[in-house]
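User: Hello! I am new to reading protein models and would like to learn step by step. Could you guide me through this one?

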Amino acid sequence: MDHQRRADLMLLLATRYVKPLLLAAAGILLLATSFWGISNCLTAICLRDMQPLTLNAFRFITAFLVLGFVFRKNLRRVSLVTVKYSILVGLSLVIVYTSLTYGVMYTSVSNAGFIGALSVVTTPILEFIVYRKKPEKKFGVSMVLCLVGLALMTLSETLKPAFGDVICLFAAVFYSVDLMITERAVANERVDPLALGVCDLAVVGVVISVLSVFLETPALPGTAKVWAASLFLGIVCSGICLVIQSVFQRHTTASRASLIFTLEPVFSAIFAFFLLGERIGVRGYLGAALMLASLVLVEVDVGALFKKGKKEAE
């Protein structure tokens, strides 16, 4: 009888408290994903007044100053191992954000969003090359959908992709490198994930600042509109969203979080449509739909969902 009462109590608690917490976490992660989606639009706005490297230097230095102050206690006791991994992750992120920023200059914001999200596909490929980890059988289908969608979105009548599309592919590949390094880092007990994230911002900010000094003429934003967009990019898209992901992903399932994150390119295309008046045509939107389907197929356990639906039907 006592066991039955405990089971009933656990069910009541799960219904009353756990489920709302999962929904709240999913909602907040969805909000963070929308912020990442708008980042390409804001980047395009800032590039009208700022040079690419200068913009990224401003973005990440701002994010580090804000987060570094908020989480200064974590930084005071940061381990040497955390710093080492931060350098590796930070260097990969330098390539990611530099590629995306230059990519937005030479292709549409919608294309940049969808191609940048291809890390969901490139990660299993790199894991197979580096760790000999075989991808799931459904990965082949996802890859075909992805390639067809990519061709529809990026290839012109002469069957040549835009220069910006090729650059954005580098962002996807090196974001996969970032994910693989981060996965190994957080598995180490001596690594503080929060401190790792904050230190990453510092590495990216310092490296890109040095590059901007030698390759550009650094200057602060010149208009109120660009000031607002660049500060939002730094504080919210690179700063607060990082904290949201690290804190609230603990309160939802990994599959649900991954599925939410695949919506980033969708938000990117929506914001580009309304804020920049960007149109990519019927063929482009068809390609985007196929790419989104390939991303969802990689993240969702279709077999488990089918079995669950079959059991419920019975």
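User: Thanks! To start with one residue, in which helix is valine 96 found?

Analyst: Welcome! This is a predicted model, and valine 96 is found in helix H4. A good habit is to place a residue in its helix and then look at its surroundings. Leaving aside neighbours within four places in sequence, valine 96 is in contact with Ala171, Phe174 and Tyr175. The C-alpha atoms of valine 96 and phenylalanine 170 are separated by 6.9 Å, although their positions lie 74 residues apart along the chain.

User: Is valine 96 buried or exposed?

Analyst: Buried means under 20% relative accessible area. Valine 96 has a relative accessible area of 4%, so it counts as buried.

User: What pattern does the whole protein follow along the sequence?

Analyst: Here we look at the order of helices and strands. The protein has 14 helices and 0 strands, so the pattern is α-α-α-α-α-α-α-α-α-α-α-α-α-α. Buried residues make up 44% of its 314 residues. For contacts with a separation of 6 or more, 88% come from residues 24 or more positions apart.

User: How many residues does the largest nonpolar core have?

Analyst: To read a core, look for its members and for the residues with the most contacts inside. The largest nonpolar core has 52 residues, and Tyr85 and Leu118 have the most contacts within it. Helix H4, residues 80-106, gives the most to this core, with 9 residues. Another core, of 6 residues, lies apart from it and includes Leu29, Val236, Cys241 and Ile244.

User: Which residues does leucine 118 touch?

Analyst: Not counting residues up to four places away in sequence, leucine 118 touches Cys146, Leu150, Leu169, Ala172 and Met291.

User: Now a charged residue: which side chain of opposite charge is nearest to aspartate 178?

Analyst: With a charged residue, check its burial and then its partners. Aspartate 178 is in helix H8, residues 163-186. Aspartate 178 is buried yet has no salt bridge, and the nearest side chain of opposite charge, arginine 59, is 12 Å away. Setting aside residues up to four places away in sequence, aspartate 178 touches Val89, Ser92 and Leu93.

User: And which side chain is joined to that of aspartate 165 by a polar contact?

Analyst: Aspartate 165 also has its place in helix H8. Its relative accessible area is 3%, so aspartate 165 is buried. A polar contact of 2.6 Å joins the side chains of aspartate 165 and threonine 107.

Definitions and conventions. Residues numbered from 1 in each chain as written. Predicted model: local features only at pLDDT ≥ 70, side-chain atom pairs only at ≥ 80, totals over all residues. Heavy atoms only, no water. Core = buried A, V, L, I, M, F, W, Y, C linked by side-chain atoms within 4.5 Å. Buried < 20%, exposed > 50% of the residue type's maximum accessible area, 1.4 Å probe, protein only. Helix = DSSP H or I, 4+ residues; strand = E, 2+ residues; numbered from the N terminus. Contact = heavy atoms within 4.5 Å. Lys, Arg positive; Asp, Glu negative; His and termini not counted. Salt bridge = Lys/Arg side-chain N within 4 Å of Asp/Glu carboxyl O. Polar contact = N/O pair within 3.5 Å; in protein donor to acceptor, adjacent residues only side chain to side chain.
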